[in-house]
Amino acid sequence: MCFQCKDVRLSTGQSKDFLQIADAVRTISEELIVYQDQLEATLKELQSLNNMQKDAIADSKDIKSLLDSLEQGMMALAPRQLVSRRLNPGQFKGPIQYMTWREMQSTLSPGLSSLTLDPKTAHPNLVLSKNYTSVWHGDIKQTMADDPQRFDSSVAVLGSQGFTSGQWYWEVEVAKKTKWTVGVARESIVRKGSCPLTPEQGFWLLRLRNHTDLKALDFPACALKLTNKLNKVGIYLNYEEGLVSFYNAKTMAHIYTFSSIFMEKLYPYFCPCLNDGGENKEPLHIVQPQ
C-alpha cells in the first residue's frame, strides 16, 4: 500500500490515527492469511512512519477514509469467519479475495478470467453469440462438420482456453434458467455418445434441474441445498492443488469443492440444457472483466 506523504512532523492526533491504522491492519493480517505478505509490508510502513514522526499523510481526510475502509473490511470479515486453518479447501483455498474485496478486481490474483466459447466443440443444437460469450439451445439442429472435438450427444460446449497450471476464476450467469450444468472437464473426455459426468471420467461439474434441484456431480452425486437464489455461479480452479470450487458469485458463499489430481489440460465446461419449449431458453453467459 502506498501513501502520498509530506515532509512534516505528525501531531498527536495523527500519531493516534496511525496507531489505529496499524492495529486494524494487524487484525486483518491475523484473519486473512492469504494477504499476509501484503499486510505485513503495510504494517511495517505504517510503524516506520509513526516511529520516525515524519511523512504525514497530506490530508487528514485521507486518514479517516482509510480507517473507514479498514473498518468496513473488518465488518465484512467478522460474520463470515473466512480464514481458518480448519476450513475445508473450498473455503480456505478458494478465491477468498472475491469474498471481501470484489471492488478491487483489477488487482486481484486470480483475476476474473476473460473466457470465450470454442465453436468447434459445440453440439449442433447450440447457438453461440457472435462474441462467443453466451450459449443457448436452439430447436433446429445445425449442419456442422463432424469435428472430433464436437459433442454429438451432450448439448455442451467447452471454453476456448485450456489450463495446465495456475489458478483461474470465472463467473457464469444462470439467472432465469430452470436447468444447466457448468464446471471443468479434461481434454480427453468422451465427446461422442453418452458418458457418465463424473470425476472418474474427467468431469467436475455443478448441475441444476427443476429450478432448485442442485447437485455436485461427484461419485456419488451430492445433493446441495440452495439457501439463496443462484443467479451467477463462480468457478475457481487451482490446478496444482487439484481443486475445483463453486460459489454463489453474488455473496461468494461456498457451494462445493472437488478435490482431485490433474494430469492433463482442463477446459471450462458449459451445458445450457434443452430449452424445453422456451421454458429454459435463457443463455448461459460468461461474465467478462470490466
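Start by selecting residues 180-186 and 266-271. These are strand 7 and strand 14, which run antiparallel and are joined by six bridges. The model is a predicted one.

Stay on this pair and pick Val 184. Its opposite number in strand 14 is Pro 268.

Now widen the selection to the whole sheet. It is open and has six strands, paired antiparallel in the order 5-14-7-8-9-10. Go to its edges next: strand 5 covers 157-158 and strand 10 covers 222-224, and each of these pairs on one side only.

Next, the nonpolar interior. Select Trp 170, Trp 180, Leu 206, Val 233, Ile 235, Val 244 and Tyr 269. These residues have the most contacts inside the largest nonpolar core, which has 49 residues. Apart from that core lies another, of seven residues; select Tyr 169, Tyr 247, Ala 249 and Val 287 among them.

Centre on Ile 235 and show its surroundings. Leaving aside neighbours within four places in sequence, Ile 235 touches Trp 168, Tyr 169, Trp 170 and Val 172. The same list of contacts includes Val 182, Gly 183 and Val 184. Val 244, Ser 245 and Phe 246 complete the list.

Finish with two cysteines. Is Cys 195 buried or exposed? Cys 195 is buried, because its relative accessibility is 16%, under the 20% cut-off. Cys 222 has 26% relative accessibility, so it counts as partly exposed. Do not look for a disulfide anywhere: the structure holds zero.

Key. Residues are numbered from 1 along each chain as its sequence is written. This is a predicted model: local features need pLDDT of at least 70, side-chain atom pairs count only at pLDDT 80 or more; totals for chains, interfaces and linings use all residues. Side-chain values use heavy atoms; hydrogens and water are left out. A disulfide is a pair of cysteine sulfur atoms within 2.5 Å. Buried means under 20% relative accessible area, exposed over 50%, partly exposed in between (1.4 Å probe, protein chains only). A nonpolar core is a set of buried Ala, Val, Leu, Ile, Met, Phe, Trp, Tyr and Cys residues joined through side-chain atoms within 4.5 Å. Contact means heavy atoms within 4.5 Å. Two strands pair if DSSP finds at least two bridges between them. Helices (H or I, at least four residues) and strands (E, at least two) are DSSP runs, numbered from the N terminus.
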